[in-house]
Amino acid sequence: MPAERQTETIDGHEVSLSKPDKVMYPDAAYTKADVVGFYRRIAPVILPHLHDRPVTRIRYPNGTGTRPFYEKNAPAGTPDWVRLATLSTPGSSKGRDTADFPVVEETATLVWLANLAALELHTTQWMIGDDGDERLPDRLVADLDPGPGTGPEDTAEVALLLRERLGRDGLTAYAKSSGKKGVHVCCPISATQTDLDVSAYAKAIAKELEEERPDLVTSNMLKKERDGRILIDWSQNNAAKTTVAPYSLRGLGVPTVSAPMTWDEVETARELKFTPEEVFERVDKDGDLWEPLLERGPKVPEVEGPKPRRRAARPRT
C-alpha cells in the first residue's frame with residue numbers, strides 16, 4: 001500500500017504530500033499525484049504569471065465531482081516559508097477587512113497548494129507594489145463567455161473582432177483558452193491607470209462591438225441577453241476580481257488547462273480545451289506564448305463619462 005503521507009525537499013523547503021492516489025478528476029482517474037506532477041512540470045511558465053500577484057484558490061478537497069470552495073486567506077498550517085501579502089478586502093463575504101494572500105513564487109508553493117487540492121489558481125490584473133494599495137492594472141482582460149446556441153467558431157469570431165479593435169488603439173492582444181468553453185483576450189498595459197479607467201475603456205469597447213454586431217455580441221451580464229451571443233465580460237478589470245491564471249488547471253470532470261493560444265489557432269475555431277499532456281507538448285515546442293504579457297504595455301485611451309463601480313466578487317468560472 002502506498003504511503004498516505006510523504007515529504008519532499010523542493011526549493012530547499014520540506015513539503016508534505018498526503019494521499020497521492022486520491023482521485024481528483026473522477027472522469028479521468030487523474031490523481032493528486034498527477035496534479036502535483038502537472039504543477040511541478042509547468043512551474044517554469046506559470047510562476048512568472050503568478051509573481052507578485054495575490055492568488056485566490058478554488059479547492060476541491062474531494063475531487064471535481066464534489067462541491068469546491070474558494071479561498072483567499074492563507075489556511076491554518078501555512079508553512080512559514082510561504083510568502084504572504086496582507087491586503088485589504090473591501091466587501092468581503094467573510095466580513096474581514098484584510099486577508100493574508102499567498103504569493104506563489106516558488107515551485108514548492110505550487111506543490112503545497114496542489115497538495116491542498118487547490119486545482120484552480122486565479123489572479124488579479126494588478127501586481128503587489130511598493131506604492132501603497134493603488135492596485136494599478138498591468139493587464140486588460142476580456143472574458144469571452146459563449147451563450148447557449150453558440151459554438152467555438154462564434155467565440156473565435158468575437159475574439160478576432162476584439163483583437164482588431166484593440167489594435168486600432170495601439171494595444172496588442174493575446175488569447176488563451178479559459179479551459180472550459182470560453183476564450184480570454186488580454187493586453188499588456190501601463191500600470192499607470194486605475195482599474196476604473198481600464199474597466200471604463202473595456203466596457204466602451206465591448207458596447208461598441210455589441211452595437212456593430214448585435215447578432216453575435218453582448219456586453220450585458222444578464223443571462224436572458226446571452227442566447228445565441230458571446231458575452232464580452234469587461235468587468236474582470238475590476239481590481240476586486242480575478243481571472244484564472246494561464247496554465248492553471250480547471251475543475252471539470254477531466255483535467256483541462258487554461259492555455260495560451262496563437263491567433264492562427266483561434267481563427268481555426270478548434271475545440272477550445274487542452275489537456276495537461278497537450279500543454280506540455282505546446283510549451284516544449286513553443287515556450288510561453290504569453291511571455292510578452294510579462295512586460296508593460298501602453299496606456300488605454302481615456303473614456304469620458306461615469307466610471308464603473310468597484311464590487312467585490314468571486315472568481316470567474
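## A walk through the chain, starting at H2

Select helix H2 first: its buried residues pack against S1, S2, helix H1 (32-50), S5, S8 and S9. You are looking at a predicted model, so read each stop as a feature of that prediction. H2 spans residues 107-115, and 9 of the 9 are buried, so the helix is largely enclosed by the rest of the structure. To colour them, pick Thr-107, Ala-108, Thr-109, Leu-110, Val-111, Trp-112, Leu-113, Ala-114 and Asn-115. Then step just past the helix to Ala-117, where phi turns out to be positive, near 65°.

**Zoom out for a moment**

Show the whole chain as a cartoon. You should find 6 helices and 18 strands. Draw a box along the principal axes and the C-alpha atoms fill roughly 60 × 45 × 35 Å. How does the radius of gyration fit with a compact globule? For 317 residues such a globule would come out near 20 Å, and the protein chain has 19 Å, which agrees.

Colour by burial next: buried residues account for 54% of the 317. Switch on a surface and about 14100 Å² is exposed, with carbon and sulfur atoms supplying 48% of that. For the charges, there are 43 positive and 51 negative ones, and their mean positions sit 6 Å apart. If you plot a contact map, take the contacts between residues at least 6 apart in sequence: 70% of them join residues at least 24 apart.

**Strand S5 and its two partners**

Go back to S5, one of the elements that H2's buried residues pack against. Select residues 55-59. Is this strand enclosed or open? Here 5 of the 5 residues are buried, so S5 is largely enclosed by the rest of the structure. Spin the view and check both faces: Val-55, Arg-57 and Arg-59 lie on one side, Thr-56 and Ile-58 on the other, and all are buried. Yes, that list includes two arginines, Arg-57 and Arg-59.

Now add the neighbours. Strand S9 (residues 118-123) runs antiparallel to S5 and is joined to it by 5 bridges. Strand S6 (residues 69-71) also pairs with S5 in the antiparallel sense, over 3 bridges. Arg-59 is a handy landmark for both pairings: it stands opposite Ala-118 in S9 and opposite Phe-69 in S6.

**Strand S7, a two-faced one**

Select residues 84-88 and show side chains. Which residues point to the buried face? Those are Ala-85 and Leu-87, while Leu-84, Thr-86 and Ser-88 point to the other face and are not buried. Bring in strand S8 (residues 98-102), which runs antiparallel to S7 with 5 bridges between the two. One pair to label there is Thr-86, which stands opposite Asp-100.

**Two loops with positive phi**

Jump towards the N terminus and pick Asp-11, in the loop between strand S1 (5-10) and strand S2 (13-18). Its phi is positive, about 55°, although it is not a glycine. Asp-11 is partly exposed, with a relative accessible area of 41%.

Then hop to Ala-29, in the loop between strand S3 (23-25) and strand S4 (30-31). This non-glycine residue also has a positive phi of about 55°. At a relative accessible area of 51%, Ala-29 counts as exposed.

**The six-stranded sheet**

Next, select the 6 strands that form an open sheet, in the order S13-S14-S10-S12-S11-S18, with mixed pairing. Which strands stand at the edges? They are S13 (217-218) and S18 (260-261), each with a single partner strand, so one side of each is left without a neighbour in the sheet. Zoom in on the S18 end: S11 (residues 174-177) runs antiparallel to S18, and 2 bridges join them. Across that pairing, Ala-175 stands opposite Met-261.

**Last stop: Thr-275**

Finish on Thr-275, in the loop between helix H5 (263-268) and helix H6 (276-286). Thr-275 is partly exposed, at 34% relative accessible area. Leaving aside residues up to four places away in sequence, Thr-275 touches Pro-255 and Val-257. To close, draw a C-alpha to C-alpha distance from Thr-275 to Asp-288: the two are 13 residues apart in sequence and 16 Å apart in space.

Conventions: Residues are numbered from 1 along each chain as its sequence is written. This is a predicted model: local features need pLDDT of at least 70, side-chain atom pairs count only at pLDDT 80 or more; totals for chains, interfaces and linings use all residues. Side-chain values use heavy atoms; hydrogens and water are left out. Helices (H or I, at least four residues) and strands (E, at least two) are DSSP runs, numbered from the N terminus. The radius of gyration is taken over C-alpha atoms; the globule rule is 2.2 Å times the number of residues to the power 0.38. Buried means under 20% relative accessible area, exposed over 50%, partly exposed in between (1.4 Å probe, protein chains only). Contact means heavy atoms within 4.5 Å. Accessible areas come from the Shrake-Rupley method with a 1.4 Å probe; for residues, only the protein chains shown count as cover. Lys and Arg count as positive and Asp and Glu as negative; His and the chain ends are not counted. The place of a charge is taken as NZ of Lys, CZ of Arg, CG of Asp or CD of Glu. Two strands pair if DSSP finds at least two bridges between them.
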